[in-house]
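Good morning, and thank you for making time for this. I would like to take you through a few parts of one structure, which is now on the screen.

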Amino acid sequence: MELEPELLLQEARENVEAAQSYRRELGQRLQGLREARRQIKESASQTRDVLKQHFNDLKGTLGKLLDERLVTLLQEVDTIEQETIKPLDDCQKLIEHGVNTAEDLVQEGEIAILGGVGEQNEKLWNFTKKASHIQLDSLPEVPLLVDVPCLSAQLDDSILNIVKDHIFKHGMVASRPPVQIEELIEKPGGIIVRWCKVDDDFTAQDYRLQFRKCTSNHFEDVYVGSETEFIVLHIDPNVDYQFRVCARGDGRQEWSPWSVPQMGHSTLVPHEWTAGFEGYSLSSRRNIALRNDSESSGVLYSSAPTYFCGQTLTFRVETVGQPDRRDSIGVCAEKQNGFDSLQRDQAVCISTNGAVFVNGKEMTNQLPAVTSGSTVTFDIEAVTLGSTNNNEGGNFKLRVTISSNNREVVFDWLLEQSCGSLYFGCSFFYPGWKVLVF
């Protein structure tokens, strides 16, 4: 049913007013949208500036870590900005489309109204029908500023205080180093370095020992730990070496100043095992012997009688295998082939079960069993020369001290003849035993 001309004209005017009002409302929402966009953009820009300034201030001390953190935070700003701008973009497109529609409708309505009634009734009718389908009372929601993100950088400047605190505590001024090297003791192929604390007010947690050949410009670490003594191996005989030590105070990270370097060398020929024995594999320096899988058995001797009375001979068990009561680690007056153990005449030794043998006889005193990491030391001193008065058949008496696992036994060893130097040896009946001698 067609409307009366006057009513049609009135409805057209009302629709124009509604479209104009709609356009104004859309314009206001568009302005709100622009403000929302500006708030996100400006706050994002300000946040970037603050982040860049803050991280640039810290770059000198925090370097790469701050750069990585800055990139992460900027990516978060970008992510928030992109995710929150997208709904505003969609809303803006909807509003702009509505504005264009409203403008077209206003223009078409004004043309229809100018024609009046009569022959222009069809235009008014078409305009009214078109306006009724546009939903001029439907306005999109534009978020309030309080409902959209307002980016900011949450930065805690206390990190500067933490860094400053560490910087102020870093380093120290001392009139002298708190530790000094106390003694250098030459060993065959090595040097024992001993040091001590000279500052009573300094509480040491760890020590750090370095050495170098005097022909080298570079010191290298050789020990870090709580002990005050260490044997430096792989020392070439008659070559000068420099040693220095420093300490780290209890609860601190930095090391103290270095001690005054001390010069040391060893004139003693390195101890070596005899090469070519089928039952044992040797290290390149031939100071480590490993009992291999070969069925061959017997005593592995030193390549020469390099042990002299008055010295300390040390064996360190690196790895262990299955023990046997015939196992032996010790010294002897001479090499004697044909024996499968040093538990024989003219030899003293300890078995892996801790039993001590002197000239083939087991002593009543026993040491702890040998385990991985155990050290066995022999200290031998000449007591008397010449024939003995107790008719024990020997003419050379030695005082022997064997130590292992913080226990020791002391006894006299009678030899048939005097000798200026001794061989050392070992025998193991099962594979897996590895022994270092120094």
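Strand 3, residues 204–213, pairs with strand 4 in the antiparallel sense, over five bridges. Please keep in mind throughout that this is a predicted model. Within that pairing, Arg208 has Val224 of strand 4 as its bridge partner.

These two strands belong to an open sheet of four strands, with antiparallel pairing and the order 4-3-6-7. Which strands are at the edges? They are strand 4, residues 220–225, and strand 7, residues 262–264, and each of them pairs on one side only. From one strand to the next, the twist averages 30 degrees.

Let me turn to the other open sheet on my list. It consists of three strands in the order 1-2-5, and its pairing is antiparallel. Strand 1, residues 179–187, and strand 5, residues 229–233, stand at the edges; each has a single partner strand, so one side of each is left without a neighbour in the sheet. Here the twist averages 25 degrees from one strand to the next. Strand 2, which covers residues 190–197, pairs with strand 5 over five bridges, in the antiparallel sense. One pair to look at is Val193 and its bridge partner in strand 5, Phe230.

Strands 2 and 5 also lead us to the largest pocket, since both supply at least two residues of its lining. Strand 12, residues 312–319, and strand 17, residues 375–385, likewise each supply at least two. The volume of this pocket is about 330 Å³. How many residues line the pocket, and which are the closest to its centre? There are 13 lining residues, and the closest to the centre are Glu229, Ile231, Thr314, Thr375 and Phe438.

My last topic is a single residue, Thr352. It is found in the loop between strand 14, residues 347–350, and strand 15, residues 355–358. Is Thr352 buried or exposed? Its relative accessibility is 4%, and because buried means under 20%, Thr352 counts as buried. The side chain of Thr352 is joined to that of Asp327 by a polar contact of 3.0 Å. If we leave aside neighbours within four places in sequence, Thr352 is in contact with Pro323, Asp324 and Asp327, with Ala369 and Val370, and with Phe428 and Trp433. Asp327 therefore appears both in this list of contacts and as the polar partner of the Thr352 side chain.

Thank you; I would be glad to take questions.

Key
Residues are numbered from 1 along each chain as its sequence is written. This is a predicted model: local features need pLDDT of at least 70, side-chain atom pairs count only at pLDDT 80 or more; totals for chains, interfaces and linings use all residues. Side-chain values use heavy atoms; hydrogens and water are left out. Two strands pair if DSSP finds at least two bridges between them. Axes are lines fitted to C-alpha atoms, for helices over the stretch in contact, and angles run from 0 to 180 degrees between N-to-C directions. Buried means under 20% relative accessible area, exposed over 50%, partly exposed in between (1.4 Å probe, protein chains only). A polar contact is a pair of N or O atoms within 3.5 Å; within protein, one must be able to donate a hydrogen and the other to accept it, and residues adjacent in sequence count only if both atoms are side-chain atoms. Contact means heavy atoms within 4.5 Å. On a 1 Å grid over the protein atoms alone, a cavity is a set of points where a 1.4 Å probe fits but cannot get out, and a pocket is an open set with protein on both sides within 12 Å along at least five of seven lines; lining residues have an atom within 4 Å of a point. Grid points are joined across faces, edges and corners, and a volume is the space filled by probe spheres set on the points.
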